[in-house]
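Got your viewer open and a selection box ready? Let's walk through this one stop by stop, picking residues as we go.

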Amino acid sequence: MQQVSAWKSHGGIQGVYTHASAETGTEMTFSVFVPDHDPGEKLPVLWYLSGLTCTHANVTEKGEYRQQCADEGIIFVAPDTSPRGDDVPDDEGWDFGKGAGFYVDATEQPWAANYRMRSYIERELPALIAQSFPADMARQGITGHSMGGHGALTIALRNPGRFLSVSGFSPIVSPLNCPWGDKALGGYLGPDRAAWREYDACALIADGARLPNLLVDQGEADGFLEVQLKTHLLSEACAAAGIPATIRMQSGYDHSYYFISSFMAEHVRWHAGHLYRG
């Protein structure tokens, strides 16, 4: 692991790092904010998965999380959204290929060799975080935006017991039922829609997966709401499964970081309540 930059902020250190990923076969970049803490102290970890076209930098620069993470004593980890590099396959569209890994392990060519974001986020990067930072991996929460909200939900649902808290900003709740999902899952996984179910939060819930608790904020003025995000499907799935879920429609807010930053501190506090409980 190499440190690209490190800045003191709110008493802690905001760093950006790179490492050679065995999963993606590329160099990967991620950011980590570590609050001020006592020597030897281990802190809980909050993962943030970004959305389409984004890198680690979007939330690092615009997310406005550091003050609350410093106050609560929470490490904030922001990975990239896909493999990068001149030799990595790409697509002309902004919603597929680089910047649009959808947190899946691709099985179709030419994507299968590099697009292994599921294994990268679920296994490889957590091991590196545990080794390199004062992280208490028994206390993890996860959140994300849009495609990253999809990633946060599905990763938590597939790994019961790993995350004590799960939240999302404008998540894609059912890729089986939206154009973004048709393109991404069809392209990465092939035409067998049964294979898509492990990457669809609503399908995972219908198939028996559960979350300990859930907080979602969705802007009512979000131009992607009706066709791509379909928040009501998640509300219905959680109600049917008895999952404790607070799913809030926020009047006047869109899909941007102006929306995310407006509620980020509240999400960090909410995660802290679960990560420090007991």
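Select C69 to begin: this cysteine is buried, with a relative accessible area of 0%. What you're looking at is a predicted model, so treat each stop as a look at computed coordinates. Now draw a line from the sulfur of C69 to the closest cysteine sulfur, which belongs to C54: the gap is 18 Å, too far for a bond.

Next, try C238. This cysteine is buried too, with a relative accessible area of 2%. The closest cysteine sulfur to that of C238 sits in C202, 7.5 Å away, and that is again too far for a bond. With a cut-off of 2.5 Å between sulfur atoms, how many disulfides are there in the structure? The count is zero.

**Helix 8**

Keep C238 selected and widen the selection to residues 231-241, which make up helix 8. Its buried residues are T231, L234, A237 and C238. Look down the helix axis: those buried residues fall within an arc of 125°, so they line one face of the helix. Flip to the face turned away from the buried side and you'll find the exposed residues A239 and A240.

What covers the buried residues of helix 8? Show helix 4 (147-158), helix 6 (201-206), strand 8 (214-219), helix 7 (225-229) and strand 9 (245-250), which are included in that cover. Then step just past the end of helix 8 to G242, where phi is positive at about 70°.

**The nonpolar cores**

Back up to L234. Which residues does L234 contact once its neighbours within four places in sequence are left aside? Highlight L153, V173, C202, I205, L214, V216 and I247. L234 is also among the residues with the most contacts inside the largest nonpolar core, together with F30, V32, F102, I129, I142 and Y188. That core has 64 residues. Another core lies apart from it, with 18 residues, including F76, A78, F259 and I260.

**H267**

Jump to helix 9 (residues 257-275) and pick H267. Is H267 buried or exposed? At 1% relative accessibility, H267 counts as buried. Turn on polar contacts and follow its side chain to the side chain of S167, at 3.0 Å. Setting aside residues up to four places away in sequence, H267 touches T143, S167, G168, F169, L215 and D217.

**Helix 5 and the aromatics**

Now select helix 5 (residues 179-189) and find G186 in it. G186 counts as partly exposed, at 24% relative accessibility. Not counting residues up to four places away in sequence, G186 touches G181 and W196. For a long-range ruler, put a C-alpha to C-alpha distance between G186 and D91: these two are 14 Å apart in space and 95 residues apart in sequence.

Time to show the aromatic rings. The structure holds 16 aromatic pairs. Pick out W180 and F224, a tilted pair with 4.8 Å from centre to centre and 50° between the planes. This pair links distant parts of the chain, with W180 in helix 5 and F224 in the loop between strand 8 and helix 7, 44 residues apart. The partners also sit in their own surroundings: W180 counts as buried at 4% relative accessibility, whereas F224 is partly exposed with a relative accessible area of 31%.

While the rings are on display, select F33, Y48, Y65 and F76, which form one aromatic cluster. F76 may ring a bell, as a member of the 18-residue core from earlier.

**Backbone oddities**

Switch to backbone torsions for the last leg. Most residues other than glycine have a negative phi, and most peptide bonds are trans. With that as background, go to T53 in the loop between strand 4 (43-49) and helix 1 (56-62). T53 has a positive phi near 75°.

Then select S146, in the loop between strand 6 (135-144) and helix 4. S146 isn't a glycine, yet its phi is positive at about 60°. At 2% relative accessibility, S146 counts as buried.

Finish at P110, in the loop between strand 5 (75-79) and helix 3 (117-132). Check omega on the peptide bond from Q109 to P110: the value is near 5°, and the bond is cis.

Technical notes
Residues numbered from 1 in each chain as written. Predicted model: local features only at pLDDT ≥ 70, side-chain atom pairs only at ≥ 80, totals over all residues. Heavy atoms only, no water. Core = buried A, V, L, I, M, F, W, Y, C linked by side-chain atoms within 4.5 Å. Buried < 20%, exposed > 50% of the residue type's maximum accessible area, 1.4 Å probe, protein only. Contact = heavy atoms within 4.5 Å. Helix = DSSP H or I, 4+ residues; strand = E, 2+ residues; numbered from the N terminus. Arc of directions from axis to C-beta. Disulfide = S-S within 2.5 Å. Polar contact = N/O pair within 3.5 Å; in protein donor to acceptor, adjacent residues only side chain to side chain. Phe/Tyr/Trp six-rings, centres within 6.5 Å; stacked < 30°, edge-to-face > 60°.
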